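Please look over the sequence and the structure below. A short briefing on them comes after.

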Amino acid sequence: TWLESYIYAPVLHCLRGLPIYEAPSFTYASCNYPPLYFNLSALLSKALGLGPDAGSFLPMRLVSLLSTLVTCATVLWVLHFRRQVDWRIAVALAAGYLASFGRFEGWLDSSRVDPLMCMLFFLATAFMLEGQGWRSAILAGLFGGLAGLTKQPALVYIAGIGLFLAVVHGQWKRMFLVGGMSAVVALGYLTLTGDLFNHYFYYWLFEIPSHHPRYWKYIGRGLGFLAVTVPILLVAGLFPLLETLKAARTRAAWQALPTWTAALAITTVCALLLRTKQGASINFFMPVFLLATVAAAETANRSIARHAHGKPLIALGCLVQLLMLAYNPMTLLPTTADAQEAQTIVASLRAVDGPVWFGAFPSYSVLAGKPWVLQDAARMDFPRSFVTRELSKLISAGTFGAIILPANETLVDPELVRQFYQAVQLPLAPPPFLRALHDIHFFGEVHVRRDLVPAFLERIQPLFKDRKVVVPELRACLKSAA
């Protein structure tokens, strides 16, 4: 997918022995994530014999898949062996995380950092909440530091949970040990990778995200997503919090609050706030799902202890929750037509003379024997003026045999788009600029005169017929224009 191509760029740099974080350029932009996932994926790529020319997402997907399976096993361990939840209910709740695959748009085994972060975060939380002594604190700090080296929000979640345990339960020494161990792990790892004193590490991970706008309306969308996805688990998991708020709100009342419920409430609030940043998606709620599973199981256990007929109702609740997560898995599986279309795209790119700018799927360019180019999502971190200037240079220099920008392009100045189409119409134009068009109305969206459309298509059609460039999206555009 296009998101996987975005993540693959740092892995490709690792495989080539290049630093992950370096000065931004129009040929490479690092992701806004710490290095652990990229390093693990590169190591697995080498173990599988997949070098930088393979263009394979398999190692990254394997890291995510294994992380998801370990997470489910950890949930089962906490529920059945630590919380004494009936094994059938424990299995159903642990399977609920796998059942959320469709709701989280297939992120559980895709080439993204979130499954690994969720595994490490849940392990850290489990040792924080289930343990008492210094050994569990060290393990919590170890996994917490590794989680922070995978994705920054994990540190926010863990810090919030640790602060609750310190203030409410008086576990100051233990939480200091957790924090100290996390710091040692993170700083030690970054020292070994050479990123600790790399200015661009901080540039990509902190400075760039600080410029992303915040949209407060996303809080409502996040609440809506949780309401239609895991309402039963959330209501059951947070129910003890309502009882605490109704009480005298004394320290004793907060100490009586189940720790997993407190962790769930803290993580949910943090995820909703972090989700307001541009670029954040529903993947921020994956840790919420995990904590809701255990918190709901605790509530279920207390209900069974109080009410003899509580177990059938809980089983019914689990069934309803699983049904709410139901989805059609066939829509996520590539069809024969998909595979043929992908092969057509790769063959078309291979037929172009010279490099091809295909920012939507740069891995396809690699498969076609072309050099890697900047992934479109990475351009969000660049000012539009920079994107416009650099693209204009590439066109003028004739560096690329074709440049294919996505539909609904918003990162390029409209004036540059006009220049592109004018260049295509010139008899002695540089290598043609081609655009993958899903909708002919795109021209109106960027204020390009509609009377230029026929001339543009007339210029493109000979190239299309001569098979110099054959891209499926262009075929669809020509058919619709006919």
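The points below cover the whole chain, then confidence, helices, cysteines and single residues.

This is a predicted model, in which local features need pLDDT of at least 70 and side-chain atom pairs count only at pLDDT 80 or more, while totals for chains, interfaces and linings use all residues. Residues are numbered from 1 along each chain as its sequence is written, and side-chain values use heavy atoms, with hydrogens and water left out.

**Whole chain**

- The protein chain has 22 helices and three strands; helices (H or I, at least four residues) and strands (E, at least two) are DSSP runs, numbered from the N terminus.
- Of the 482 residues in the protein chain, 51% are buried. Buried means under 20% relative accessible area, exposed means over 50%, and partly exposed is in between (1.4 Å probe, protein chains only).
- About 22,000 Å² of the protein chain is exposed, and carbon and sulfur atoms supply 65% of it. Accessible areas come from the Shrake-Rupley method with a 1.4 Å probe, and for residues only the protein chains shown count as cover.
- Among contacts in the protein chain with a separation of 6 or more, 74% are between residues 24 or more positions apart. Contact means heavy atoms within 4.5 Å.

**Confidence**

- The average pLDDT of the protein chain is 79, and 79% of the residues score at least 70; pLDDT is the predictor's confidence in each residue, from 0 to 100.
- Residues 407-413 have a pLDDT below 50, and this stretch has 26 contacts in the model beyond near neighbours in sequence.
- Residues 463-482 also have a pLDDT below 50, with 35 contacts in the model beyond near neighbours in sequence.
- Where pLDDT is low, the predicted coordinates should not be read in detail.

**Helix 8**

- Helix 8 (residues 172-193) has 22 residues, which at 1.5 Å a residue should span 32 Å; its end C-alpha atoms are 32 Å apart, in agreement. The expected span of a helix is 1.5 Å times one less than its number of residues.
- The buried residues of helix 8 are Arg 174, Met 175, Val 178, Ser 182, Val 185, Ala 186, Tyr 189 and Leu 190. They lie on the same side of helix 8 because they cover an arc of only 130 degrees around the axis; the arc is that of the directions from the helix axis to the C-beta atoms.
- An α-helix has 3.6 residues a turn, so residues three or four places apart point the same way.
- Lys 173, Phe 176, Val 184 and Leu 192 are exposed on the other side of helix 8.
- Cover for the buried residues of helix 8 includes helix 2 (36-47), helix 5 (114-130), helix 6 (134-148), helix 7 (153-169) and helix 9 (199-210).
- Gly 194, just after helix 8, has a positive phi of about 80 degrees.

**Helices 5 and 16**

- In helix 5, 16 of the 17 residues are buried. The 17 residues should span 24 Å at 1.5 Å a residue, and the end C-alpha atoms of helix 5 are 23 Å apart, which agrees.
- Helix 16 (residues 336-351) has 16 residues and reaches 23 Å from its first C-alpha to its last, close to the 22 Å expected at 1.5 Å a residue.
- Ile 345, Val 346, Ser 348 and Leu 349 are buried in helix 16. Their arc around the axis is only 160 degrees, which puts them on the same side of helix 16.
- Thr 336 and Gln 343 are exposed on the other side of helix 16.

**Cysteines**

- Zero disulfides turn up in a search of the whole structure, a disulfide being a pair of cysteine sulfur atoms within 2.5 Å.
- Cys 72 is buried, at a relative accessible area of 10%, and Cys 118 is buried at 0%.

**Single residues**

- Asn 39 is in helix 2 and is buried, at 17% relative accessibility. Apart from neighbours within four places in sequence, Asn 39 is in contact with Cys 14, Ile 20, Tyr 189 and Thr 193.
- Val 167 is in helix 7 and is partly exposed, with a relative accessible area of 44%. Apart from neighbours within four places in sequence, Val 167 is in contact with Trp 172 and Arg 251.
- Pro 371 is in the loop between helix 17 (362-367) and helix 18 (384-397) and is partly exposed, at 44% relative accessibility.
- Not counting residues up to four places away in sequence, Pro 371 touches Pro 355 and Ser 365. The C-alpha atoms of Pro 371 and Pro 355 are separated by 6.5 Å, with the two residues 16 residues apart along the chain.
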